[in-house]
Amino acid sequence: MRKISTSTQSDIEKAAKALLDGSLVAFPTETVYGLGADATNPEAVSRVYSVKGRPTDHPLIVHISSRELINNWAIDIPSYAQKLAKFFWPGPMTLILRRSYLAKDFITGGQDNVGLRVPAQPIAQTLLREFEKLGGSGIAAPSANRFGAVSPTTAEAVQEDLGRYLDSKDLVLDGGPSLVGIESTIIDCTNEVPMILRPGAITTKMIQELIEKIPIINTANTLIRVSGMLPVHYAPNAKVKISGATNAGEGFIALSNIPTPANAVRLAAPNNLEEFAKILYSAFRAADIHGLSTISVIPPNGDGMAHAIRDRLNKASG
Ligand code: TXA
Ligand code: MG
């Protein structure tokens with residue numbers, strides 16, 4: 001069934017009501033599309049897990065409209081985390097904080113902390129505000145893809161991945177292509193110093209400049225469960241190969257200044273790192289649509305966004 005809805009004010013109001021009634025609403029954010037449910041409704045949240053095919057011990061991020069609502073969901077917020085929230089929200093950043101009573105085990109995977117994000121995308125903002133006006137506290141939303149697959153950056157990609165698992169009352173709000181294109185930076189703020197669990201558009205340098213003397217731990221290895229940290233993740237059906245040696249007939253992704261190898265299928269030629277992140281997942285999807293068996297990618301050099309892109313490429317290539 002086709003689920004994609006336009007996102008006029010009245011569509012968004014309808015979506016907010018649907019959420020409050022326990023239905024699921026996929027919605028655009030500036031990072032990727034999320035599959036939303038009322039974060040206080042155990043039945044609705046359990047449908048998120050079954051629609052995604054995701055193990056229930058993987059926690060969900062709770063989305064709120066403004067940092068003023070942070071105290072509803074979190075306690076003992078360190079001052080560096082308050083600073084991060086103040087500067088980077090609304091935006092592509094998720095903070096892991098000690099949970100309040102509101103964040104139940106079915107949201108946190110039984111952990112004592114909760115992931116919170118204030119997205120900037122205007123449709124996401126309106127949806128959150130309408131939902132809160134109706135008495136809602138927050139929208140739990142993982143990326144709107146099947147477990148382990150590529151995150152969607154368009155409403156069509158959500159429909160393709162999840163449409164067949166959604167009910168007649170669920171819907172997908174269309175907000176066009178996501179601006180950032182890769183998932184939010186996740187920062188664990190439950191210790192004295194912040195720990196970056198997933199790199200993203202809010203870079204280590206940006207964080208370090210803001211919190212100055214406090215050291216940052218950058219980790220790929222953590223005991224906290226982050227599903228994006230499974231060995232293979234963000235993966236298309238095609239095999240992702242990080243290499244310069246490209247065979248004929250393979251898909252090819254690289255910055256635009258790198259020429260396409262003979263007989264390779266150019267899937268993307270981004271001009272800069274921001275464009276690279278923005279089109280990476282749609283290029284992965286295009287490879288699958290064309291039935292390519294392998295995608296060869298030349299990863300960008302450097303830190304910041306390049307680091308975040310390489311993180312996703314490494315995960316996708318296993
Ligand atoms: O950009 C994003 O973050 C998107 C949009 C929709 O907000 N959401 C997203 O959610 O990427 P998801 O569930 O696909 O990835 C979030 C990751 C998961 O690996 C999850 O396990 C981890 O964050 N996570 C969520 N809450 C956590 C918590 N309390 N502690 C540790 N990891 C957490
Ligand atoms: Mg995900």
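Which residues of α10 are buried? In this predicted model, the buried residues of that helix are Met-305, Ala-306, Ala-308, Ile-309, Asp-311, Arg-312, Leu-313, Lys-315 and Ala-316.

## Helix α10

The buried residues of α10 pack against two kinds of element, namely the strands β11 (195-198), β13 (239-242) and β16 (294-297) and the helix α9 (273-289). The length of α10 can be checked against its residue count: at 1.5 Å a residue, its 13 residues (305-317) should span 18 Å, and because the end C-alpha atoms are 18 Å apart, the expected and modelled values agree. After the helix comes Gly-318, which has a positive phi near 75°.

## Helix α2

In α2, the buried residues are Ala-44, Val-45, Arg-47, Val-48, Tyr-49, Val-51 and Lys-52, and the buried residues of this helix pack against β3, α5 (105-108) and α7. At the N-terminal end of α2, Asn-41 acts as a cap, with a side-chain oxygen lying 3.0 Å from the backbone nitrogen of Glu-43. Just after α2, Gly-53 takes a positive phi of about 70°.

## Nonpolar cores

The largest nonpolar core has 49 residues, and those with the most contacts inside it are Leu-35, Leu-84, Leu-95, Leu-97 and Leu-116. At least two residues of this core come from each of β3 (34-38), α2 (42-52), α3 (70-73), α4 (79-88), β6 (93-99), β7 (113-117), α7 and α8 (204-211). Apart from this core lies another, of 26 residues, among them Ala-238, Met-305, Ile-309 and Leu-313.

Leu-95, when its neighbours within four places in sequence are left aside, is in contact with Ala-81, Leu-84, Ala-85, Trp-89, Val-114, Gly-115, Leu-116, Ile-187 and Cys-189. In soluble globular proteins, nonpolar side chains tend to be buried together.

## Ser-143 and its loop

Ser-143 is placed in the loop between β8 (139-140) and α7 (155-162). Its relative accessibility is 18%, and since buried means under 20%, Ser-143 counts as buried. The side chains of Ser-143 and Asn-145 are joined by a polar contact of 2.5 Å. Not counting residues up to four places away in sequence, Ser-143 touches Val-32, Tyr-33, Gly-34, Leu-35, Lys-52, Ser-151 and Pro-152; of these, Lys-52 is among the buried residues of α2.

## Cavities

The model contains two cavities of 30 Å³ or more. The second largest cavity holds about 50 Å³ of space, and its lining is formed by Thr-185, Ile-196, Pro-199, Gly-200, Ile-202, Thr-203, Thr-204, Gly-304 and His-307.

Terms used. Residues are numbered from 1 along each chain as its sequence is written. Chains are lettered from A and ligands numbered from 1 in the order in which they are written. This is a predicted model: local features need pLDDT of at least 70, side-chain atom pairs count only at pLDDT 80 or more; totals for chains, interfaces and linings use all residues. Side-chain values use heavy atoms; hydrogens and water are left out. Helices (H or I, at least four residues) and strands (E, at least two) are DSSP runs, numbered from the N terminus. The expected span of a helix is 1.5 Å times one less than its number of residues. Buried means under 20% relative accessible area, exposed over 50%, partly exposed in between (1.4 Å probe, protein chains only). Contact means heavy atoms within 4.5 Å. A polar contact is a pair of N or O atoms within 3.5 Å; within protein, one must be able to donate a hydrogen and the other to accept it, and residues adjacent in sequence count only if both atoms are side-chain atoms. A nonpolar core is a set of buried Ala, Val, Leu, Ile, Met, Phe, Trp, Tyr and Cys residues joined through side-chain atoms within 4.5 Å. On a 1 Å grid over the protein atoms alone, a cavity is a set of points where a 1.4 Å probe fits but cannot get out, and a pocket is an open set with protein on both sides within 12 Å along at least five of seven lines; lining residues have an atom within 4 Å of a point. Grid points are joined across faces, edges and corners, and a volume is the space filled by probe spheres set on the points.
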